[in-house]
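I opened this notebook to record what I looked up in one structure. The entries are brief and follow the order in which I made them.

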Amino acid sequence: MTVVIGLTGSIASGKSTVSEMFHTFNIPVVDADVISREVVNVGEPAYHKIVDAFGEEVLHEDKTIDRKSLGKIVFKNKEKRDLLNQIVHPEVRKEMLRQRDAYKAEQNSAVVLDIPLLFESKLAHYADLTLVVYVDEGTQLQRLMERDQSSMEDAEQRISSQIPVGEKAEMADAVIDNTGSVKESQEQLKSILEKWNIIN
């Protein structure tokens with residue numbers, strides 16, 4: 001019986017760091033972000049739909065999608081964000097479930113679905129248990145501004161487009177407080193996996 005863990009957090013909460021940690025426990029990770037980049041590669045069905053919907057100004061010279069300029073358009077405009085999500089999400093979900101089921105068929109003890117917008121997209125039912133990577137909002141804002149060299153206004157806008165991380169923590173089966181060191185987060189993950197009987 002493979003336990004499916006839904007892993008999420010909020011922007012700049014350090015979810016990717018925790019996602020990497022699962023490999024040290026030999027637990028495979030299905031990464032929605034990686035898949036979302038693959039499904040918009042040149043020639044894929046979602047790629048053509050994006051170019052039809054947003055025009056060629058969202059392309060680099062080599063015809064690949066310029067995620068930054070597409071991001072600027074959709075962060076400021078909810079209708080366009082919804083349109084992009086309607087194009088990309090079904091393709092991502094299809095591939096995510098394909099990978100999840102392949103790992104289940106291999107009878108891994110667990111498989112992680114790393115989904116940034118797990119609750120926003122109402123995908124918690126894809127997993128048996130949910131795990132949220134948490135940082136307080138001040139830390140989140142500071143990390144995001146440092147990471148992306150963005151203004152406070154930009155960072156706040158991006159954070160407010162998601163469910164507040166505190167609310168996500170309340171919805172989760174377990175929470176990792178990622179305000180401390182990497183080592184502390186790893187220890188929290190280990191004890192959660194032990195509690196869930198995934199590792200001994």
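The entries below concern three residues, and the model I consulted is a predicted one.

**Entry 1. A residue in a strand.** I began with Asp114, which I found in strand E3. I then asked whether Asp114 is buried or exposed. Its relative accessible area is 2%, and the cut-off for buried is under 20%, so I entered Asp114 as buried.

**Entry 2. Side-chain partners of Asp114.** I looked up which side chains Asp114 joins by polar contacts. One polar contact, of 2.6 Å, links its side chain to that of Lys15. Another, of 2.8 Å, links the side chains of Asp114 and Ser19.

**Entry 3. Wider surroundings of Asp114.** Setting aside neighbours within four places in sequence, I listed the residues in contact with Asp114. They are Leu7, Lys15, Ser19, Val29, Val30, Asp31 and Ala32.

**Entry 4. Backbone angle of Asn26.** I turned next to Asn26, whose phi is near 55°. I noted this as a positive value in a residue other than glycine. Asn26 sits in the loop that runs between helix H1 (15–21) and strand E2 (29–31). With a relative accessible area of 67%, Asn26 is exposed.

**Entry 5. Backbone angle of Lys122.** I also looked up Lys122, which is not a glycine and has a positive phi of about 55°. Its place is the loop between strand E3 (110–114) and strand E4 (129–134). I recorded a relative accessible area of 65% for Lys122, which is therefore exposed, the cut-off being over 50%.

Methods: Residues numbered from 1 in each chain as written. Predicted model: local features only at pLDDT ≥ 70, side-chain atom pairs only at ≥ 80, totals over all residues. Heavy atoms only, no water. Helix = DSSP H or I, 4+ residues; strand = E, 2+ residues; numbered from the N terminus. Buried < 20%, exposed > 50% of the residue type's maximum accessible area, 1.4 Å probe, protein only. Polar contact = N/O pair within 3.5 Å; in protein donor to acceptor, adjacent residues only side chain to side chain. Contact = heavy atoms within 4.5 Å.
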